[in-house]
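Please open the structure in a viewer and follow the selections below in order. Each stop names what to select and then describes what is found there.

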Amino acid sequence: MSKTTPQVRTWDKVGYGIGDLGNGMAMQIIGSYLTFFITSILHVPGTISGLAIGVSIFWDALTDPIMGYISDRTKSKRFGRRHLYLLIGSIGSAISILVLFFIPPESELTFKVILIFIFIIAYKTFITILVTPYTALGAELASDYDERTRIQSIRAVFFMFGVAAIMVAGLFLFFQPTPEYPVGQLNPAGYRNLALFTAVMTIVMIYIAYKSTQKYIPRLNEHHFETEEGHSFKQLILSFISSFKNRAFRLVAISYMFNNIATAFVNNIGLHVFTYTFLMDNTMISTVLALQFVFAVLSQPLWIIVTKLLDKRNTVIMALSITVFGALYFLVLVLFNDVIGANLWWFVPYGVLGGLGTGALFSIPASMVADTIDVEELETGNRNEGVYFGSMTFAYKVAQAITVFIIGISLDLIGFKSGLAVQSEMTQIGLGAIMALGASLAFIASIMILRHYPLTKPMILEIQNKLKIKKAS
């Protein structure tokens, strides 16, 4: 294995990617179900729900760059910089998920709120310990421009399968209607069963990623052990600031921040919209989401080809434009919800457009971040993947925290009542408008930012060639 152009075996790429199946499940059950569970099952007011989740996301944002800094500077011949954190994070995340969704709905409100605050913070802490080193590991496995995109595409496919396992298979399998709960997604037992399934799968999938990439620890340690840096809070702050001084990274991070603001709107209020605006049951919702995920997965080879033809920046802009059309089309469906109802055929264009567009957003931005780190390595001789990915998630999670809090307040402002199976007409339209307008505006902002991204493939290849010469000398 060449020290300057290390290759990763195909099955090891797959093994690494499988880990994001577990990450996708762990993140999606919180991102898409928790707000609905808190408001509709535990009957906690939307403002309190938004505050709890918003505070947890803000905490998550603060800990991401810290965890990235810690993992970058971890030195272990056995575990390398990242691997021990995969084990700790997966187990802690699984336990936190179980506690959250096993909160008894009949408990006193104060008790429920205390448990929610404690264990959503615990979950966010452990998911940071898991995901930040995991993502950084994928960026440092390969140095080749196109190889990075392939690794991230494989990872993205498994992440989408994880999301689909929760949102499509999860809805269909765990929320079947019963005589007591004709609307299956209002059954508390479904959330407990889904949480148990998610907890087990998260640990198993991450362990597969751990074993698949364990053999690369000696090679990854070679460069790291040659680099000596300070270990202090001041150094952490300097590393964080340094990442945002990198203009190319700063633009990717801000663009990705807006992408995730859009995701926050869809994830945190999407189940409300399908349930209350379009009066869909679990099977209908899972069908719409399945269509979207199928096209997101099938689009991965397409986006790899388009990236080679148009470069990464233009490919992502194309994908974002498709998602904007999808969001605006969904807004039209919302405005005519009384005519459309639960007619699935009207949702086919939304599923296709949403799937195609978001397919690129799961993989290419992470590959672009790895490219921006080459710029820093050429200038300083250091590769701080953990800090960079931690800084990127810090930016978008602070914005996400504000977004989720606004969503929680909005639920109360539009008159959402958790005890009603059928909401008022104004509430139905309001739910859909919040989701569609919020997502479309965020995606448009992402496009405007990314238009200024400076790095092209020839530029990266030139930088990498200079790095090879520098290392050889």
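## Stop 1: helix H10

Begin by selecting Asp-311, which is placed in helix H10, residues 282–335. The model is a predicted one. Display the backbone torsions of this residue: the phi of Asp-311 is near 80 degrees, a positive value in a residue other than glycine. As a general rule, most residues other than glycine have a negative phi. Is Asp-311 buried or exposed? Asp-311 is buried, because its relative accessible area is 14% and the cut-off for burial is under 20%.

Move next to Lys-312, and add Asp-371 to the selection. The side chains of Lys-312 and Asp-371 meet in a salt bridge, with an N to O distance of 2.7 Å. This pair links distant parts of the chain, since Lys-312 belongs to helix H10 and Asp-371 to helix H13 (residues 364–380), 59 residues apart. Lys-312 counts as buried at 2% relative accessibility, and Asp-371 counts as buried at 2% as well.

Remain in helix H10 and select Phe-293, which lies in that helix. Phe-293 counts as buried, with a relative accessibility of 12%. For a distance check, add Met-257: the two residues are 36 apart along the chain, and their C-alpha atoms are separated by 22 Å.

## Stop 2: the salt bridges of Asp-12

Select Asp-12 together with Arg-9 and Lys-215. Asp-12 forms a salt bridge with Arg-9, in which the closest N and O atoms are 3.2 Å apart. A salt bridge also joins the side chains of Lys-215 and Asp-12, at 3.1 Å from N to O. The latter pair links distant parts of the chain: Lys-215 is in the loop between H6 and helix H7 (217–226), Asp-12 is in helix H1, and their positions lie 203 residues apart in the numbering.

How do these three residues stand with respect to the surface? Asp-12 is buried, with a relative accessible area of 4%. Arg-9, by contrast, is exposed at 52%, and Lys-215 is partly exposed at 43%.

For a wider view, display Asp-72, Arg-81, Arg-82 and Glu-140, which are linked in a network of salt bridges. A search of the whole structure finds 11 salt bridges.

## Stop 3: helices H1 and H6

Now colour helix H1 (residues 10–41) and helix H6. In general, two packed helices are described by the angle between their axes and the distance between the axes. The axes of H1 and H6 come within 8 Å and cross at roughly 160 degrees. H1 is therefore roughly antiparallel to H6, as angles over 145 degrees count in that class. The crossing of H1 and H6 is left-handed.

Within helix H6 (residues 188–213), select Val-200. Val-200 is partly exposed, with a relative accessible area of 47%. Extend the selection to Leu-196, Val-204 and Ile-208: with Val-200, these residues form a nonpolar patch on the surface, and their accessible area together is about 300 Å².

Follow the chain to His-43, in the loop between H1 and helix H2 (46–72). What is the sign of phi at His-43? The phi of His-43 is positive, at about 60 degrees, although the residue is not a glycine. His-43 is partly exposed, having a relative accessible area of 44%.

## Stop 4: helices H4 and H14

Colour helix H4 (residues 109–140) and helix H14 next. The axes of H4 and H14 come within 8 Å and cross at roughly 125 degrees. That angle makes H4 oblique to H14, and H4 passes H14 in a right-handed crossing.

## Stop 5: the loop after H14

Finish at Gly-419, which lies in the loop between helix H14 (385–413) and helix H15 (425–450). Is Gly-419 buried or exposed? Gly-419 is exposed, because its relative accessible area is 67% and the cut-off for exposure is over 50%. As a last distance check, select Ala-442 as well: Gly-419 and Ala-442 are 23 residues apart in sequence and 31 Å apart in space, C-alpha to C-alpha.

Notes: Residues numbered from 1 in each chain as written. Predicted model: local features only at pLDDT ≥ 70, side-chain atom pairs only at ≥ 80, totals over all residues. Heavy atoms only, no water. Patch = residues over 30% accessible without salt bridge, like charges linked within 9 Å, V, L, I, M, F, W, Y side chains within 5 Å. Areas by Shrake-Rupley, 256 points an atom, 1.4 Å probe, with all protein chains shown as cover. Salt bridge = Lys/Arg side-chain N within 4 Å of Asp/Glu carboxyl O. Helix = DSSP H or I, 4+ residues; strand = E, 2+ residues; numbered from the N terminus. Buried < 20%, exposed > 50% of the residue type's maximum accessible area, 1.4 Å probe, protein only. Axes fitted to C-alpha atoms, helices over the stretch in contact; angles between N-to-C directions. Parallel < 35°, antiparallel > 145°, perpendicular 65-115°, else oblique. Left-handed = near helix turned anticlockwise from the far one by under 90°.
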